[in-house]
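Visitor: I have this structure open on my screen and would like a close look at one part of it. Could you take me through a place where helices pack against each other?

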Amino acid sequence: MTENTKQISENDLLRADIYQLLAALLRRTPSAELLQFLHGLEVDNNDDSSMTRAWLSLKLAAEQFSAEQLEDEYFSLFIGVGSGEILPYGSWFMTGSLMDKPLALLRQDLVQLGFERGDDVKEPEDHVAALFEVMSVLILEAPSHQQLAFYRRHLGSWIIRFWDSLSRCNSAAFYAVVAQLGRAFFETEIVEFERLVLSTPVVESSDVQIQPKANELA
């Protein structure tokens, strides 16, 4: 946490929540409680935006699938025997290799920002869920230029391709809907970051240190 209290807009609160939701859906098989939460979402049926259509689709999918059914889908997509149908790592989408230079750069930036990897964490830090968790913290606790720089360095060049790839996976049913929401959300994020580019100086490091909770990268 920074010593100064940051004023958080409703839009930023919503953005941070969506990053956390997407992280939870990609980190592990959704629990029955999470599916129940999604099914209970209140969505404006009169809004025909891509985000609203995606929310409605996810709400319906959460009713149609059980947590037990999603265990098999999640395993096939992200784990598999040897590997899943999609590798949810930034390095893979940026270079076609795992544990490559983008991961080393990410680790340097995470140290600079004050994030520490938990001792029980087995996944590399460039897992897409971990990157979303970091973005959520930066939106809530860091100066705007830090979320902008982090997005541009570690997400912006490949995240749309990730959602498109996920939606095309043979095993993707529920997760094709998650991909629909993710793509729609990041289309709005592109606009958000274009706005920040015009209003915020972009720097690659900062003296401001973020001290996340121990589970931010868990």
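Guide: Happy to; what follows is a look at one helix pair, with its surroundings added afterwards. Please keep in mind that this is a predicted model.

Let's set the scene with the whole chain. The protein chain has 10 helices and 0 strands, so its pattern along the sequence reads α-α-α-α-α-α-α-α-α-α. Of its 218 residues, 48% count as buried. Among the contacts in the protein chain with a separation of 6 or more, 75% come from residues 24 or more positions apart.

Now for the part to look at closely: helix α1, residues 10-27, against helix α7, residues 128-141. Their axes lie 8 Å apart, and the packing angle is about 160°. An angle over 145 degrees counts as roughly antiparallel, and α1 and α7 are therefore roughly antiparallel to each other. The crossing in which α1 passes α7 is left-handed.

If you show side chains, you can follow the contact from both sides. On the α1 side, the residues that meet α7 are Asp 12, Leu 13, Arg 15, Ala 16, Tyr 19, Gln 20, Leu 22, Ala 23, Leu 26 and Arg 27. Facing them in α7 are Val 128, Ala 129, Ala 130, Phe 132, Glu 133, Met 135, Ser 136, Ile 139 and Leu 140. Sorted by class, the contact of α1 with α7 has 13 nonpolar, 2 polar and 4 charged residues.

A second pair makes a useful companion view. Helix α8 (residues 144-154) packs with helix α10 (residues 174-199) at about 125°, with the axes 10 Å apart. That angle makes α8 oblique to α10. The crossing of α8 and α10 is left-handed. Here Ser 144, Gln 147, Leu 148, Tyr 151 and Arg 152 of α8 meet Phe 186, Ile 190, Phe 193, Leu 196 and Val 197 of α10. By class, this contact has 7 nonpolar, 2 polar and 1 charged residues.

Before you leave, turn to a loop. Between α5 (90-95) and α6 (101-113) you will find Met 99. Most residues other than glycine have a negative phi. Met 99 has a positive phi of about 55°, although it is not a glycine. Its relative accessibility is 54%, and Met 99 therefore counts as exposed, the cut-off being over 50%.

To finish with the outside of the protein chain, its accessible surface comes to about 11300 Å². Carbon and sulfur atoms hold 51% of that surface.

How values were computed. Residues numbered from 1 in each chain as written. Predicted model: local features only at pLDDT ≥ 70, side-chain atom pairs only at ≥ 80, totals over all residues. Heavy atoms only, no water. Axes fitted to C-alpha atoms, helices over the stretch in contact; angles between N-to-C directions. Helix = DSSP H or I, 4+ residues; strand = E, 2+ residues; numbered from the N terminus. Parallel < 35°, antiparallel > 145°, perpendicular 65-115°, else oblique. Left-handed = near helix turned anticlockwise from the far one by under 90°. Contact = heavy atoms within 4.5 Å. Nonpolar A, V, L, I, M, F, W, Y, C, P; charged D, E, K, R; others polar. Buried < 20%, exposed > 50% of the residue type's maximum accessible area, 1.4 Å probe, protein only. Areas by Shrake-Rupley, 256 points an atom, 1.4 Å probe, with all protein chains shown as cover.
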